[in-house]
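Hello, and thanks for sharing this one. Here are some notes to read with the structure open beside you.

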Amino acid sequence: MGKPARHLRSLAALMGVALALTTTACGGATDASTVADAVDISGSISGQTINYWSMWKDGEPQQKVIAAAIADFEKETGAKVSVQWQGRSNSEKLVPALNTNNVPDLVDGTLAKLAPVIGETGQASPLTSVYSYKVDDTSISEVIPQKFTSNGAFKGEDGQPWMVPYSVSSDGIWFDAAKHPELKAKPPATWDEFINVLDKLKASGTAPVAADGDIAGYNATWFVTSLLRLKGAGSFKALVEDKSGDGWNAPEVLEAARKVESLVKGGYLNSGYNASKFPAQQQLWANGDAALMLNGSWTPTETGSYAAPGFEYSSFQFPAMSDKPASARVDFIGFAVPAKSKNQVPAQRLAAFMLNSKYQNALGTEAKVLPVRPDAPVAPAVESVKAAIDAAPATHLQNDGVTFPGYMEKVFFPKDDELFLGKTTADEFVGKMKAAQIQYWKDNG
């Protein structure tokens, strides 16, 4: 998809608008209680029309797969799909539309962008029927891995799912396996082994880690994942939810900050990372001027046009730091149906249709992204990420699922940037974050 983490820059403003909608919904947005009953989507939908606002632009690999699926859907069902290929701004455009009678029947996007706009505001239809619907003789609920749904990420306050994911994204520590076959044969499993690898790379004259320091969402992944490795999935969100701020006193929190600090003080980050402009460091890495880069599963697609000849994409997971289960990051892209949709049944049917193996396989092999179905094949460049997700005992969301309005953008990112860019120490970072979080909850209830 390309740079989902960077979208978090505008998420605060987006969530603020969404929150405003929910507080003024008496004359506008439909309350979830009025759409609590799931609909039957198994009947005929011939002649019905679906107005679909897509997050993809015309010509993108994902758009081509979805367009092919739509053509088949129309042929098989007799329904008509009117698509607007709006690009990543579709969720922003959805915000004002939800307070009118001119809403799309179907919209897709990342969980992080759709949740504050429609999923958590009572303005999405329950999609329970979609999960019961069968594709390839198997129900959707069985097609989507249980570890993706067990944490209730897609469920609204009524307990029913509001989103149907069709693809996922993840992250890893990327490297060129052609240049570093030893990392593919035996990737570092623990933090100590990881530091040992960095020391060897540094001693050989190779810059160990590339990072574009101006992308706060990328920088934050180092601290957040370190904490999850020390305390387990859900621990960062629990830390943020602590209105007293006392959670920042936990030894694991300071330890996670010191792990980040050790990267800076150890000189493991590529020279100039703290003054770089995206994608300068990413390009240097793809050209072989740095060995490793912590980034998303979109990395092969995003850097493929300028990677060194013969570059073989591979990755390993963020190293373990304790005996806590090492969860894999899994972020979701999927469909939601607004409660005000005038064509609920065909919209939900189309959402289910994308889970057919034909289109899931195409997402993996043609679009070269990660399908939500674990039985779908993927392009060689992302096989390492898929294998890690398949093997992980649990999953976590980007930023551990923290979507509180403005928290990441205004509270966490600026102070985490100071830590990652070497402008503050681990101890100073923890102290500043505790004070800032206490103030955040005073201001935000």
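The points below go from confidence to cavities, a pocket, a few chosen residues and the salt bridges.

1. Confidence first. Please keep in mind that this is a predicted model. The average pLDDT of the protein is 91, and 91% of the residues score at least 70. Residues 1-36 are the stretch to treat with care, as pLDDT stays under 50 there. The model still gives residues 1-36 a total of 77 contacts beyond four places in sequence.

2. The cavities. The count comes to 9 cavities of 30 Å³ or more. I would like to dwell on the second largest cavity, with a volume of about 80 Å³. Which residues line the second largest cavity? From the earlier part of the chain come Pro 145, Phe 148 and Val 168. The rest of the lining is made by Leu 370, Pro 371, Val 372, Arg 373, Pro 374, Val 378, Lys 386, Ile 389 and Asp 390.

3. Make-up of that lining. By class, the lining of the second largest cavity has 9 nonpolar and 3 charged residues, with no polar ones. Strand β13 (370-371) and helix α17 (383-391) each supply at least two of the lining residues. The largest share comes from α17, with 3 residues.

4. A closer look at Pro 371. This residue of the cavity lining has its place in strand β13. Is Pro 371 buried or exposed? Its relative accessible area is 8%, so Pro 371 counts as buried, the cut-off being under 20%. Beyond its neighbours within four places in sequence, Pro 371 is in contact with Tyr 166, Ser 167 and Val 168, with Gln 360, Leu 363 and Gly 364, and with Ala 376, Pro 377 and Val 378. Two of these contacts, Val 168 and Val 378, also appear in the lining of the second largest cavity. As a distance to check on screen, the C-alpha atoms of Pro 371 and Tyr 359 are separated by 8.9 Å, the two residues being 12 apart along the chain.

5. Arg 373 and its partners. The structure holds 14 salt bridges, and one of them joins the side chains of Arg 373 and Asp 375 at 2.8 Å, N to O. How do the two ends compare in exposure, and what is the relative accessible area of Arg 373? Arg 373 is buried, at 7%, whereas Asp 375 is exposed, at 52%. The pairing also belongs to a network of salt bridges that links Asp 136, Arg 373 and Asp 375. Arg 373 is itself one of the residues lining the second largest cavity.

6. A pair within α17. Lys 386 and Asp 390 both line the second largest cavity, and their side chains meet in a salt bridge (3.2 Å, N to O). Both lie in helix α17, 4 residues apart, about one turn of the helix. An α-helix has 3.6 residues a turn, so residues three or four places apart point the same way. Lys 386 counts as buried at 15% relative accessibility, while Asp 390 is partly exposed, with a relative accessible area of 41%.

7. A pair between two helices. Lys 432 forms a salt bridge with Glu 418, and the closest N and O atoms are 3.2 Å apart. Because Lys 432 lies in helix α19 (residues 426-444) and Glu 418 in helix α18 (residues 407-420), the pair ties together parts that are 14 residues apart in sequence. Both ends are partly exposed: Lys 432 has a relative accessible area of 36%, and Glu 418 is at 28%.

8. The second largest pocket. Its volume is about 230 Å³. Lining residues are Glu 182, Leu 183, Lys 186, Pro 187, Pro 188, Glu 193, Asn 196, Val 197, Lys 200 and Leu 201. Helices α8 (181-185) and α9 (191-203) are the elements that give two or more residues to this lining, and α9 gives the most, with 5. By class, the lining divides into 5 nonpolar, 1 polar and 4 charged residues.

9. One covered helix. In α15 (residues 344-353), 9 of the 10 residues are buried. Among them are Gln 344, Gln 348 and Arg 349, along with Leu 350 and Phe 353.

Technical notes:
Residues are numbered from 1 along each chain as its sequence is written. Side-chain values use heavy atoms; hydrogens and water are left out. On a 1 Å grid over the protein atoms alone, a cavity is a set of points where a 1.4 Å probe fits but cannot get out, and a pocket is an open set with protein on both sides within 12 Å along at least five of seven lines; lining residues have an atom within 4 Å of a point. Grid points are joined across faces, edges and corners, and a volume is the space filled by probe spheres set on the points. Ala, Val, Leu, Ile, Met, Phe, Trp, Tyr, Cys and Pro count as nonpolar, Asp, Glu, Lys and Arg as charged, and the others, Gly among them, as polar. Buried means under 20% relative accessible area, exposed over 50%, partly exposed in between (1.4 Å probe, protein chains only). pLDDT is the predictor's confidence in each residue, from 0 to 100. Contact means heavy atoms within 4.5 Å. A salt bridge is a side-chain nitrogen of Lys or Arg within 4 Å of a carboxyl oxygen of Asp or Glu.
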